[in-house]
Amino acid sequence: MSEVQYERRNGEHIPIPGGEGWAGMWSVIVTRPGQEGYTPIIHGNSYIQVVGWNEDGTVNPRAVLTYSQSEDPASPHFADLTKLYSAGRMLEMPFYEADIQADPNLVQMTISE
């Protein structure tokens with residue numbers, strides 16, 4: 001399926017797993033067959049989060065934003081997470097307060113009326 005079911009980003013062919021929900025797929029997507037295969041992806045999974053536990057009892061959260069973070073083809077985040085999703089991988093997510101506070105990319109905002 002990876003040859004015919006894919007997303008094209010900046011000319012790169014990125015295989016997308018899954019199928020329609022009626023088929024019992026965990027990764028649900030809807031496509032329309034065309035001359036180049038089952039592309040583009042019409043709709044499907046967007047944010048996937050899986051939470052489990054390690055043997056020591058600590059939480060092991062993972063997630064992926066399947067369509068990536070940016071719509072700008074010049075951005076390094078235009079296809080990065082789509083490629084991760086294609087490879088069947090997810091990001092490790094901070095869960096404990098200490099993990100969140102230790103993140104070097106943490107930005108905190110206070111919003112008020």
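Here are some short exercises on the structure above, each with a worked solution.

This is a predicted model, so to speak of local features we need pLDDT of at least 70, side-chain atom pairs count only at pLDDT 80 or more, and totals for chains, interfaces and linings use all residues. Residues are numbered from 1 along each chain as its sequence is written, and side-chain values use heavy atoms, with hydrogens and water left out.

**Exercise 1.** Work out which strands are at the edges of the open sheet of three strands.

*Solution.* Start with the terms: strands are DSSP runs of E with at least two residues, helices are runs of H or I with at least four, and both are numbered from the N terminus. Two strands pair if DSSP finds at least two bridges between them. Next, read the order, which is 5-6-7 with antiparallel pairing. Strand 5 (47–53) and strand 7 (91–92) each pair on one side only, and these are the edge strands. Now zoom in: strand 6 (residues 59–65) and strand 7 pair over two bridges, and Arg62 stands opposite Glu92 in strand 7.

**Exercise 2.** Follow Arg9 and find what it stands opposite and which ring it lies over.

*Solution.* First, look at the strands: strand 1 (residues 6–9) and strand 2 (residues 12–15) run antiparallel, joined by four bridges. Arg9 stands opposite Glu12 in strand 2. The hairpin has two residues between these strands, and Asn10 takes a positive phi near 50° there. Then check the ring: Arg9 lies over the face of Phe78, at 4.9 Å from the ring centre. (A charge sits over a ring if NZ of Lys or CZ of Arg is within 6 Å of the ring centre and within 35 degrees of the ring normal.)

**Exercise 3.** Classify the aromatic pair of Phe95 and Tyr96: how are the rings arranged?

*Solution.* Grab the rule: rings of Phe, Tyr and Trp (its six-membered ring) pair if their centres lie within 6.5 Å, and planes under 30 degrees apart count as stacked, over 60 as edge-to-face and the rest as tilted. A search of the whole structure finds one such pair. The centres of Phe95 and Tyr96 are 5.1 Å apart and the planes are at 90°, so the pair is edge-to-face.

Finally, try accessibility: buried means under 20% relative accessible area, exposed over 50%, and partly exposed in between (1.4 Å probe, protein chains only). Phe95 has 45% relative accessibility, so it counts as partly exposed. Tyr96, at 36%, counts as partly exposed too.
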